[in-house]
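Here are some short exercises for getting to know a new structure. Try each task yourself before you read the worked solution.

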There are 2 protein chains.
Amino acid sequence: MADFAAWSRAVQTRMESALDRALPAESLAPQGLHAAMRYVALGGGKRVRPMLAFAAGEAAGADADHVEPAACAVELIHVYSLTHDDLPCMDDDDLRRGKPTCHVRFDEATALLVGDALQSLAFDVLARPLPGLYGETRVEMLGLLARASGSRGMAGGQAVDLDSTGKTLDLAELEFMHIHKTGALIQAAVLLGALSAGPLAADARAGLERYARCVGLAFQVMDDVLDAETDTATLGKTAGKDAAQGKATYLTLMSARDARGYAAELIADAERAIEPFGPAARRLSEIARFIVERRY
Amino acid sequence: MADFAAWSRAVQTRMESALDRALPAESLAPQGLHAAMRYVALGGGKRVRPMLAFAAGEAAGADADHVEPAACAVELIHVYSLTHDDLPCMDDDDLRRGKPTCHVRFDEATALLVGDALQSLAFDVLARPLPGLYGETRVEMLGLLARASGSRGMAGGQAVDLDSTGKTLDLAELEFMHIHKTGALIQAAVLLGALSAGPLAADARAGLERYARCVGLAFQVMDDVLDAETDTATLGKTAGKDAAQGKATYLTLMSARDARGYAAELIADAERAIEPFGPAARRLSEIARFIVERRY
C-alpha cells in the first residue's frame with residue numbers, strides 16, 4: 001500500500017489547493033466570515049470523500065481535473081456539517097482535527113453562518129462552468145448532492161442521531177441512522193466522482209451504490225471502534241465522547257472484535273460490487289481496505 | 001390595485017400548495033424534522049420573493065408552471081434564513097409570522113437542522129426535471145441561487161449585520177449590508193423567474209438587475225419605517241427590535257418622512273428599469289408600488 005499512501009497524500013495536497021481556490025479570499029468582505037470559513041475548511045482532514053470521488057472518477061474514466069469540483073463540493077458539505085455538529089446545541093465539541101472548533105475559536109453566530117455559507121459554496125462550486133460535461137448531467141449531480149445533504153440524507157441522519165441519544169437502538173435502527181448521517185454523502189462522493197465522466201449506465205451505478213453503502217457502514221463501524229480504543233491526541237477530536245453521551249454505537253451492540261470482523265465483511269462485499277470495473281477500480285479497492293486498516 | 005391584490009393572493013395560494021408538495025411529508029422519517037420544516041415553511045408569509053419570480057417570469061414570457069420551482073427555491077432559502085436568524089446566537093427572536101419561532105416551538109438543534117435541510121431542499125427543487133428548459137440554463141440558475149445565498153450574498157450580509165450591531169454606519173455601509181443580506185436573494189428571485197423562460201439577453205438582464213436592486217433597497221427602507229411605526233400584533237414579529245438592539249437602520253440616518261421619500265425615488269427608478277419589457281412587466285411594476293404602499 002506504499003503507492004496508495006502516496007496517492008492519498010497527493011489527493012490531500014490537491015484538495016488543499018483546490019479548496020483554497022474555491023473559498024473566497026480573506027481579503028474579500030466580509031473578511032471575518034471568510035477567515036472563519038477558511039479556518040474550518042483548510043489545513044487538515046483526511047479528505048476521505050474527495051478520495052472516493054477521485055477514485056470513482058478513475059473507475060468511470062473521468063479526467064481528474066473534471067472530478068475536482070465534485071470532490072470540493074462533497075468536502076465543503078462535509079466540513080459545513082462538522083461545523084454545525086460541533087455547536088453547543090448539537091454535540092457541543094471544542095476540538096476538531098486537533099484545533100479548537102469554529103464556535104470556540106470565533107463565536108456561535110459565526111460558526112452558524114460559516115456552515116450555512118459553506119453549504120451554498122458547495123453548490124456554487126458544482127455549478128461553475130466545466131468543459132466537456134453536459135448541462136443535464138450537471139443538473140443531475142447538483143440534485144444528487146442536494147438530496148444527499150438534506151432531510152432524507154445527511155441532515156435527516158443528524159436528526160435521527162439526536163433523537164436516539166440515551167435510547168437503545170437495534171442494529172437495523174443504528175444502520176438506518178448511519179446510512180443517512182454519513183452514508184448519504186459518501187454515496188454522493190462516489191456517484192458525483194463517476195458522473196464527472198458523463199452519464200452512468202444503470203448497472204455501473206448500482207455497483208457503485210452498493211460499494212458506497214458498504215464502505216460507508218464499514219467506515220462508521222471503524223469510527224466507533226477507534227473512538228473507543230484511541231486517545232484524543234491521536235484522534236484529533238474528543239475520544240470516547242459517543243459512549244459518554246449515551247449515544248448508540250456498534251460497540252453497544254457487539255464486541256470490538258466482532259465489529260472489526262463485520263467491517264471486514266462489508267469491505268469484501270464492497271470489493272465484489274466494483275469487480276465489473278476491472279483494474280480501473282483499483283483505487284476504490286484500496287480505499288475500502290484502508291478504511292478497515294486505518295489507525296485514526 | 002384590486003386586481004393586484006387578487007393576483008398576490010393567488011400567488012400565495014399557489015405557493016402554499018407548491019411548497020406543500022416540495023416538502024417531504026410528515027409521515028416520512030425523520031418525522032420530527034419534517035414536521036418542523038413544514039411548520040416554518042407553510043401557513044404564512046407574504047411570499048414577496050415568489051411574487052417577484054412569477055412577475056419576472058411573466059415579463060420574460062415564461063409559463064407560470066415553469067417558474068414555480070424557482071419561486072419555491074428562493075422562498076425555501078428565505079425561510080431557512082429566517083429560521084437561523086431567529087436562533088438565540090443570532091437575533092434571538094421568539095415570534096415570527098405571528099407564531100413562536102422554530103427553536104421556541106421545537107428546540108435549537110431542530111431549528112439548526114431545519115434551516116440546513118431547507119437550504120438543501122431549495123437546490124433539490126431547482127434541480128428536479130423540468131421540460132423545456134435546457135440543462136445549461138438550469139445549471140446557471142442553480143449557481144446563481146448558490147452565490148446569492150452564500151458568503152458573498154445573503155449569509156455574508158448577515159455577517160456584516162452582526163458585526164455592525166452597536167456601530168454607527170453611514171448610508172453607504174448600511175446599503176452594502178442590505179444589498180447582501182436581503183438584496184441578493186431578491187435579485188435571485190427576479191433573475192431566476194426570468195431565466196425560467198430560457199437564456200436572458202444582456203440588456204434584459206441588466207434591466208432586471210437594476211429593478212431588483214432598487215426594489216430590494218426600497219423594501220428594506222420600508223421595513224425600517226414599518227418596524228418603527230407599527231405594533232407587534234400587526235407586524236406578526238417583534239416590533240422596534242432593531243432600534244432596541246442598537247442596529248443601524250435607515251431611521252438612524254434620516255427621518256421617517258425622508259425615508260418614505262427615498263423609497264418612492266427607488267421605486268420610480270425600478271419602474272424605469274423595466275420599461276423596455278412593456279406591458280409584460282405590469283406585475284413587476286405593481287409589486288414595486290405595493291412595497292412602498294404596504295402597511296406591514
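Helices here are DSSP runs of H or I with at least four residues, numbered from the N terminus. Keep in mind that this is a predicted model.

**Exercise 1. Place Leu145(A) in its helix and decide whether it is buried or exposed.**

Step 1: Find the element. Leu145(A) sits in helix H7 of chain A, which covers residues 135-149.

Step 2: Apply the cut-off. A residue is buried if 20 or more other C-beta atoms lie within 10 Å of its own. Leu145(A) has 30 other C-beta atoms within 10 Å, so it is buried.

Step 3: Look for partners away in sequence. Setting aside neighbours within four places, Leu145(A) is in contact with Ala73(A), Ile77(A), Ala122(A), Phe123(A), Leu126(A), Ala188(A) and Leu192(A).

Step 4: Try a distance. His103(A) is 42 residues from Leu145(A) along the chain, and their C-alpha atoms are separated by 26 Å.

**Exercise 2. Find which residues have the most contacts inside the largest nonpolar core.**

Step 1: Start with the core itself, which has 199 residues.

Step 2: Pick out the residues with the most contacts inside this core: Leu145, Leu192 and Ala218 of chain A, and Leu145, Leu192 and Ala218 of chain B.

Step 3: Follow one of them outward. Beyond its neighbours within four places in sequence, Leu192(A) is in contact with Ala53(A), Ala70(A), Ala73(A), Val74(A), Met141(A), Leu144(A) and Leu145(A).

**Exercise 3. Work out how far apart Ala53(B) and Leu192(B) are, in sequence and in space.**

Step 1: Locate Ala53(B), which belongs to helix H3 (residues 48-60) of chain B.

Step 2: Count its surroundings. Ala53(B) has 33 C-beta neighbours inside 10 Å, so it counts as buried.

Step 3: Compare the two separations. Along the sequence, Ala53(B) and Leu192(B) are 139 residues apart, while their C-alpha atoms are 6.6 Å apart in space.

Step 4: Check the contacts. Leaving out neighbours within four places, Leu192(B) is among the contacts of Ala53(B), together with Val67(B), Ala70(B), Ala71(B), Val74(B), Ala189(B) and Gly193(B).

**Exercise 4. Explain why the buried residues of H13(B) lie on the same side of the helix.**

Step 1: Trace the helix. H13 of chain B runs over residues 256-273, 18 residues in total, and reaches 26 Å from its first C-alpha to its last, close to the 26 Å expected at 1.5 Å a residue.

Step 2: List the buried residues of H13(B): Tyr262(B), Ala263(B), Leu266(B), Ile267(B), Ala270(B) and Ala273(B).

Step 3: Look down the axis. These residues cover an arc of only 140 degrees around it, and therefore they are on the same side of H13(B).

Step 4: See what they face. The buried residues of H13(B) pack against helix H10 (202-229) and helix H14 (282-293) of chain B.

**Exercise 5. Describe how chain B is related to chain A, and which elements of chain B touch chain A.**

Step 1: Superpose the copies. Chain B falls on chain A after a rotation of 180 degrees with 0.0 Å of shift along the axis, and the RMSD is 0.0 Å. This is the relation of a two-fold axis.

Step 2: Compare the surfaces. The same surface serves both copies, since 100% of the contact residues of chain B recur in chain A.

Step 3: Count the contact residues: 43 come from chain B and 43 from chain A. On the side of chain B, the elements giving two or more residues are helices H2 (31-41), H6 (108-127), H7 (135-149) and H8 (154-164). H6(B) gives the most, with 12 residues.

Step 4: Sort the side of chain B that touches chain A by residue type, which gives 22 nonpolar, 12 polar and 9 charged.

Step 5: Find the residue of chain B that comes closest to the rotation axis. This is Gly135(B), with its C-alpha at 2.0 Å.

**Exercise 6. Spot the unusual backbone geometry in chain A at Pro30(A) and Arg97(A).**

Step 1: Recall the usual case. Most residues other than glycine have a negative phi, and most peptide bonds are trans.

Step 2: Check the proline. Ala29(A) and Pro30(A) are joined by a cis peptide bond, with omega about -5 degrees. Pro30(A) is in the loop between helix H1 (2-22) and helix H2 (31-41) of chain A.

Step 3: Check the arginine. Arg97(A) has a positive phi, near 55 degrees, and lies in the loop between strand S1 (95-96) and strand S2 (99-100) of chain A. Arg97(A) has 15 other C-beta atoms within 10 Å, so it is partly exposed.

Methods:
Residues numbered from 1 in each chain as written. Chains lettered and ligands numbered in written order. Predicted model: local features only at pLDDT ≥ 70, side-chain atom pairs only at ≥ 80, totals over all residues. Least-squares fit on C-alpha atoms with pLDDT ≥ 70 in both. Contact = placed C-beta atoms within 7 Å. Nonpolar A, V, L, I, M, F, W, Y, C, P; charged D, E, K, R; others polar. Expected span 1.5 Å × (residues − 1). Buried ≥ 20, exposed ≤ 12 C-beta atoms within 10 Å, placed from the backbone. Arc of directions from axis to C-beta. Core = buried A, V, L, I, M, F, W, Y, C linked by C-beta atoms within 7 Å.
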